[in-house]
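Please open the structure in your viewer with the sequence alongside, and keep a cartoon view ready so that you can select one element after another as the tour moves on.

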Amino acid sequence: MTVYRKVIHVQSHGKTTSYINITDEVRQAIEESGVKTGICAVISPHTTCSVFFEEYAHDRDENGDESLQHDLNIGLAKIFPDHVDANTYTYPGEEHYKAVESWPNAKDYLPNGRQDLWNGDAHLRSTLLGSSEVFDVTEGKLGVGSTGYVYFADFDRTRGRQRRCVITVLGE
């Protein structure tokens, strides 16, 4: 059995949810692995990010999001409204603020102050969608239809940042 692991980096932009099409990177990892039959796991190690599988939609909104992503944003906002102030969610509480403020690299997490932790909606949205997807590998290819694409989503709108995504291919 072969186990192949590749870490890719994606850049989120902040301000709105960042949707990054990583289908080509997943296909490339499968090809590099040499696995002909098996599975491919695509995983986000970040608590405000998700990996999901959806049809590619050609129409885009004013933010550049595909129409299905736009509709997903609307639906998720109905379930978990945007975190706009300290009272929107119980997260982060006073103890969490204090803990983050005590970190040696606190400025990395709080460049603009405590409001940089107002991302409870991002945590909840990514929890709902999940942090990973598992795909079939058949004949050395990603076993999905021609309109299916793999997306990495960063729901944290407090700031843009570089994110990691782990692609692991297992099989023979």
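Begin with helices α2 and α5, where α2 passes α5 in a right-handed crossing; keep in mind throughout that what is on the screen is a predicted model. Select residues 67-79 for α2 and residues 120-129 for α5, and you have two helices that pack at an angle of about 110°, with their axes 10 Å apart. The two are therefore roughly perpendicular to each other. Which side chains make this meeting? Show Leu72, Leu76, Ala77 and Ile79 in α2, and opposite them Arg125, Leu128 and Leu129 in α5. Sorted by class, this contact has six nonpolar residues, no polar ones and one charged residue.

Stay with α5 and colour its buried residues, which are Gly120, Asp121, Ala122, Arg125 and Ser126. These buried residues pack against α2 and also against strand β4, at 49-55. Just past the end of the helix, select Gly130, which follows α5 and has a positive phi, near 95°.

Strand β4 leads to the next stop, an open sheet of three strands in the order β2-β7-β4, with antiparallel pairing. Its edge strands are β2, at 18-21, and β4, each of which pairs on one side only. If you look along the sheet, neighbouring strands are turned by 30° against each other on average, with direction ignored. Now select residues 148-154 for strand β7, which pairs with β4 in the antiparallel sense over seven bridges; a pair to label here is Val51 with its bridge partner in β7, Phe152. Helix α1 packs on this sheet, where it touches β2 and β7, and its direction makes about 115° with that of β7.

Next, bring up the other sheet of the tour, an open one of five strands in the order β1-β8-β3-β5-β6, again with antiparallel pairing. Strands β1 (2-11) and β6 (141-142) stand at the edges with a single partner strand each, so one side of each is left without a neighbour in the sheet. Select residues 23-33 to see helix α1 once more, because this helix also packs on the five-stranded sheet, touching β1, β3, β5, β6 and β8 (162-171), and its direction makes about 155° with that of β1.

Within this sheet, select β3 (residues 37-43) and β5 (residues 132-138), which pair in the antiparallel sense over seven bridges. Which residues of β5 are the bridge partners of Gly38 and Ile39? For Gly38 the partner is Val137, and for Ile39 it is Asp136. Strand β3 also pairs with β8 in the antiparallel sense, over six bridges, and there you can label Val42 together with its bridge partner Ile167.

Finish at Glu101, which is found in helix α3, residues 94-102. Is Glu101 buried or partly exposed? Its relative accessibility is 37%, so Glu101 counts as partly exposed. Leaving out residues up to four places away in sequence, Glu101 touches Ala106, Leu110 and Arg114. As a last step, draw a distance between the C-alpha atoms of Glu101 and Gly113, which lie twelve residues apart along the chain and are separated by 9.3 Å.

Definitions and conventions: Residues numbered from 1 in each chain as written. Predicted model: local features only at pLDDT ≥ 70, side-chain atom pairs only at ≥ 80, totals over all residues. Heavy atoms only, no water. Pairing = 2+ DSSP bridges. Helix = DSSP H or I, 4+ residues; strand = E, 2+ residues; numbered from the N terminus. Contact = heavy atoms within 4.5 Å. Axes fitted to C-alpha atoms, helices over the stretch in contact; angles between N-to-C directions. Parallel < 35°, antiparallel > 145°, perpendicular 65-115°, else oblique. Left-handed = near helix turned anticlockwise from the far one by under 90°. Nonpolar A, V, L, I, M, F, W, Y, C, P; charged D, E, K, R; others polar. Buried < 20%, exposed > 50% of the residue type's maximum accessible area, 1.4 Å probe, protein only.
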